[in-house]
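Me: Could you take a close look at one part of this protein for me, the largest nonpolar core? I'd like the cut-offs spelled out too.

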Amino acid sequence: MNEEHISLNPSQRQRLLITCKHIDRLLGDIEATLNAAASRSVFPSYLGDITPLQRKTMEGYIARLRAQLLQVLAKHSLAPEEPHISASHSIDVGLTFIEIAIAELDPHYMRGYGPVSKEGANDLQGMIAELQSAVKELHLYVLRPQSGDLGERAETP
């Protein structure tokens, strides 16, 4: 589009871009809620009260809203920024935080909540070892060099 046909000044265009980005994030939050409600989380936050048909319909509305956002942006010669954070890096960081959380279950840290019996310490050490093993496997998988398509790397846990 030609710059002379743009009806908004640069500050207004920036505000439009920021608002569209905010709307997209809110739509992402809705998608995350849909995914969380359907997940097998041990500590679910949401009831699974969305039927598969409702989910599919909502996903269609979300896709349509996103298409409209892109049209609005294009009309004003604007475009979303390209992503600059790797998904695998974000997962790597999340797994590192999980490893830290597991390490903080060590009896040394748990003593801050009261005395830890020998049996309790042994139980904690066993839990820590099991959890660390599972997280380490996933972490190593995420960090493994990619050989093309993720499907080629798929393994059964």
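Reply: Here's the core, followed by some of its surroundings.

This is a predicted model, where local features need pLDDT of at least 70, side-chain atom pairs count only at pLDDT 80 or more, and totals for chains, interfaces and linings use all residues. Residues are numbered from 1 along each chain as its sequence is written, and side-chain values use heavy atoms, with hydrogens and water left out.

The largest nonpolar core is made of 8 residues: Leu16, Cys20, Leu27, Leu34, Ile62, Leu69, Leu73 and Leu78. By nonpolar core I mean a set of buried Ala, Val, Leu, Ile, Met, Phe, Trp, Tyr and Cys residues joined through side-chain atoms within 4.5 Å. Buried is under 20% relative accessible area, exposed is over 50%, and partly exposed is in between (1.4 Å probe, protein chains only). Two elements each give two or more residues to this core, helix H1 (10-38) and helix H2 (52-75), and H1 brings the largest share, 4 residues. Helices here are DSSP runs of H or I with at least four residues, strands are E runs of at least two, and both are numbered from the N terminus.

Zoom in on leucine 27: leaving aside residues up to four places away in sequence, it touches Ile62, Leu65, Arg66 and Leu69, a contact being heavy atoms within 4.5 Å. There's also a second, separate core of 5 residues, and Leu95, Ile128, Val135 and Val142 are among them.

Back in helix H1 sits arginine 13, which counts as buried because its relative accessibility is 14%. A polar atom of the arginine 13 side chain lies 3.2 Å from the backbone oxygen of serine 77.

For contrast, look at phenylalanine 97 in helix H3 (residues 87-103). Its relative accessibility is 57%, so phenylalanine 97 counts as exposed. Together with Val93 and Ile100, Phe97 makes a nonpolar surface patch of about 270 Å². Such patches take residues with over 30% relative accessible area and no salt bridge, nonpolar side chains (Val, Leu, Ile, Met, Phe, Trp, Tyr) being joined within 5 Å and like charges within 9 Å. A salt bridge is a side-chain nitrogen of Lys or Arg within 4 Å of a carboxyl oxygen of Asp or Glu.

As for the whole protein, there are 6 helices and 0 strands, and buried residues make up 15% of its 157 residues. Of the contacts between residues at least 6 apart in sequence, 58% join residues at least 24 apart.

Notes: Accessible areas come from the Shrake-Rupley method with a 1.4 Å probe; for residues, only the protein chains shown count as cover. A polar contact is a pair of N or O atoms within 3.5 Å; within protein, one must be able to donate a hydrogen and the other to accept it, and residues adjacent in sequence count only if both atoms are side-chain atoms.
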